[in-house]
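Thanks for coming. I will take one structure today and go through its rings, its charges and one helix.

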Amino acid sequence: MKLPYWVRGDTNAFFGFGVNVLVNVLTLTGLCVGVIGMDPGDVFGVILPALGIALVLGNMYYTYLARRLAIKENRSDVTAMPYGPSVPHMFIVIFVIMLPIYLRTKDPIQAWTAGIAWAFIIGVIVLIGAFVGPYIRKYAPRAALLGTLAGISITFISMNPAGQMWKAAWIALPVFGLLLIGLLTDVKLPFNLPIGLVALLGGSAIGWIGGAMSVPDVTAAAKDIAFAFPHLKVDLLFDGLRDMAPLLATAIPLGVYNFTEAMTNVESAATAGDRYNLRSVLLADGGGAVIGSMLGSPFPPAVYVGHPGWKAAGGRTGYSMATGVVIALLCFFGMFGLLGTIFPTAAIVPILLYIGLLIGAQAFQATPRAHAAAVVAALIPNIASWATGQMDNVLSAAGTTAADVGIGTLAGAGVVYDGLKTLGSGAILAGLVLGAIVAFIIDKRFWHAAVFSGVGAVLTFVGLIHAEKVQWNADGQVSLGYLLLTVVCVLFALTRPAPREPDAEELALERLHEGGTEVAPREKTSAAA
């Protein structure tokens, strides 16, 4: 079979996904300069080129995996996995790792070295996860995997962009409407123009005509363009690793988050018809974080949420390679300062809300109808994590913290801060555990539910979920709760109830997505792992 390197749908996916990555790189650039106070020369001359190398290598690799899968299965509709800087990690490394060090030392370089070391540790943990993750995917219900992924999409991927959109709705809503029409319907633009490009240019035109953008800002940003190629910054990495212990408290659970997120994204791709080898994906994610950190980037790259969206947009194998190359060139030439003055944010972020809609919908569409409650259960920890993060940001802006205000005072105002904080800690892993328990209970597979509840007790006890840091006996009351739930499940398992039988629609869904986790009571598992 002759497999083309580029099809028309790749153009749509390229502009959509490229804009997605563009937004994220613009955001992390602003965070480094505006929050940590880093020298723009270090950001544009070291961090962005290092990130560019990791992105171009990663997207080349995922293009190779897609083409290999297409040839193996004799299909021309295989879509490459999207790959870019991890959005949750982007904010966590800035606000949880780098900012406290900067506020304490007033030294952005020291904060930077800690961030680099943290990203390196994340990469190593993900590499280890490459040999553990496939077994988790093999036995976890699809509702748990896709539900916790939908939780990330609805909160961290969708809510902030939605807020930015409604700040300038006169720019964003027309762009959003174009994306929905072009990507969710069969309506084509005249001359079959790519909808992603038209939406971006149309929104930018509205912003410029309406006076949201400034020519002097563009002129000033153009003067900062300069070529910079990455080189090793191992000295900075070693400086950060000298004080490694405090970094492990967040690096371990976030590393687990990384390979759990990759696992759910692989499941999402399998549901859409492209069954990738999870170990290959995790090795690439871990390797990208390690390479990037050695070159000076504190931002671990990862497989993105959204493969089904780019597949639905017509993307195949070419869009991933093109995105990696173009973003890398923009990083090498320090173009992100200029781009931020040309394209209004409100014209860019609607694509993120579109991805959130698609992944949220997929969690319900690609799982048995009987497991809808399990999907919702997997959503809840991510919603709690996002909500408490918003509370913390508001309190910080007011110059205080939840502890200073008092948990009792917050509770008196109807804010269940402490409970939501506990529920949302380690959210993606907690969502997977909770969703799996609910799905297995619905299926009356109580032994399986007991196993996942027992795992929840262990993960809580060591602080990987429902705790602010990794430590022994991190939250005894939650661990006890999971243990008592395990006892309940075991008692019901001893009654030997007949497992729930899947209906005809469910069996058809399983045949459609064969290769994902089996939803019926029989013990078939994924061949893709």
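Let me start with a question: is F461 buried, partly exposed or exposed? F461 has a relative accessible area of 28%, and because buried means under 20% and exposed means over 50%, F461 counts as partly exposed.

Before going further, a word on confidence. This is a predicted model. The mean pLDDT of the protein chain is 85, and 93% of its residues reach 70 or more. The weak stretch is residues 515–529, where pLDDT stays under 50. The model still has 49 contacts beyond four places in sequence for residues 515–529. Where pLDDT is low, the predicted coordinates should not be read in detail.

Now the rings. There are 14 aromatic pairs in the structure. One of them is F440 with F452, a tilted pair with 5.5 Å between centres and 40° between planes. This pair links distant parts of the chain: F440 sits in helix α23, residues 427–442, and F452 in helix α24, residues 446–461, twelve residues apart. Both F440 and F452 are buried.

That brings me back to F461. Its ring pairs with that of W472: the centres are 5.0 Å apart and the planes are at 80°, so the pair is edge-to-face. F461 belongs to helix α24, whereas W472 is in the loop between α24 and α25 (476–493), eleven residues along. On the W472 side, the relative accessible area is 68%, so W472 is exposed.

Two more items on rings. F17, Y304, W310 and Y319 make up one aromatic cluster. And R67 lies over the face of Y5, at 3.7 Å from the ring centre.

Next, charges. Side chains of opposite charge can pair when their charged atoms come close. The structure holds eight salt bridges. D239 pairs with R242, with the closest N and O atoms 2.3 Å apart. D239 is partly exposed, at a relative accessible area of 37%, and R242 is exposed, at 67%.

Then there is D274 with K311, whose closest N and O atoms are 3.0 Å apart. D274 lies in the loop between α12 (245–271) and α13 (278–294) and K311 lies in helix α14, residues 307–312, so this bridge ties together parts that are 37 residues apart in sequence. Both D274 and K311 are buried.

D77 and R75 form another bridge, with 2.8 Å between the closest N and O atoms. Here D77 is partly exposed, at 31% relative accessibility, and R75 is buried, at 18%. Which residues are linked with these in a network of salt bridges? The network consists of E73, R75, D77, D274 and K311.

Last, the helix. Helix α19 covers residues 372–397, and at 1.5 Å a residue its 26 residues should span 38 Å; its end C-alpha atoms are 38 Å apart, so the two agree. The buried residues of α19 include A374, V375, A377, A378 and L379. Further along, W386, T388 and L395 are among the buried residues of α19 as well.

What covers the buried residues of α19? The cover includes α6 (142–157), α7 (159–167), α18 (350–365), α20 (402–405), α22 (417–424) and α23. That last helix, α23, is the one that carries F440. Just after α19, G399 takes a positive phi of about 80°.

That is where I will stop.

Terms used
Residues numbered from 1 in each chain as written. Heavy atoms only, no water. Phe/Tyr/Trp six-rings, centres within 6.5 Å; stacked < 30°, edge-to-face > 60°. Helix = DSSP H or I, 4+ residues; strand = E, 2+ residues; numbered from the N terminus. Buried < 20%, exposed > 50% of the residue type's maximum accessible area, 1.4 Å probe, protein only. Lys NZ or Arg CZ within 6 Å of the ring centre and 35° of its normal. pLDDT = per-residue confidence, 0-100. Contact = heavy atoms within 4.5 Å. Salt bridge = Lys/Arg side-chain N within 4 Å of Asp/Glu carboxyl O. Expected span 1.5 Å × (residues − 1).
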